[in-house]
Amino acid sequence: MPDDKVGKGFILGGFAVISSSVPYIMGFTTSGVAKASIAAWIQSTIGNVAGGSLFAMAQSAAATTALGTAAPIVVAGAGAGAIVYGVYRLSQSKEIEKMEFEDRSSYMCYE
């Protein structure tokens, strides 16, 4: 029987993987802040970006790691796949439990 923990692990892992694509989706790229993105809007509201601020750290991470490339989109797809598989595993586990219960109840004697 599939283990519920495996399905839950795939779901949680999938969300963790998807979260790594958030900076790219917001507009933080290897070449700077993308035009007409959420990051561009945030930058326009704060003006000069102070070094060490959350915005500066997000841009630095995107510029110096794979977070600023299209790779996070591929990774997000893998994360979504993991979530779908986890949901499938959990649904199969519940279905098997239901079938086992129905099998046992057919052998019960009622007086």
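**View 1. Phe55 and the residues that it touches in the predicted model.** Once residues up to four places away in sequence are set aside, Phe55 touches Phe28, Val33, Ala39, Ile42, Gln43, Ile46 and Val49 in this predicted structure. Phe55 itself has its place in helix α4, and its relative accessible area is 9%, so it counts as buried. One of the residues that Phe55 touches is Ile42; these two are 13 residues apart along the chain, and their C-alpha atoms are separated by 8.4 Å.

**View 2. Gln59 in helix α4 and its polar contact with Thr29.** Gln59 is found in helix α4, which covers residues 54-64, and with a relative accessibility of 15% it counts as buried, because buried means under 20%. The side chain of Gln59 reaches the backbone oxygen of Thr29 at 2.9 Å. If neighbours within four places in sequence are left aside, Gln59 is in contact with Phe28, Gly32 and Val33 as well as with Thr29. Phe28 and Val33 also appear among the residues that Phe55 touches in the view above.

**View 3. Ser37 in the loop between β2 and α3.** The loop that holds Ser37 lies between β2 (32-33) and α3 (38-46). Ser37 is buried, with a relative accessible area of 14%, and a polar atom of its side chain lies 3.1 Å from the backbone nitrogen of Ala40. When residues up to four places away in sequence are not counted, Ser37 touches Met26 and Gly27.

How values were computed:
Residues are numbered from 1 along each chain as its sequence is written. This is a predicted model: local features need pLDDT of at least 70, side-chain atom pairs count only at pLDDT 80 or more; totals for chains, interfaces and linings use all residues. Side-chain values use heavy atoms; hydrogens and water are left out. Helices (H or I, at least four residues) and strands (E, at least two) are DSSP runs, numbered from the N terminus. Buried means under 20% relative accessible area, exposed over 50%, partly exposed in between (1.4 Å probe, protein chains only). A polar contact is a pair of N or O atoms within 3.5 Å; within protein, one must be able to donate a hydrogen and the other to accept it, and residues adjacent in sequence count only if both atoms are side-chain atoms. Contact means heavy atoms within 4.5 Å.
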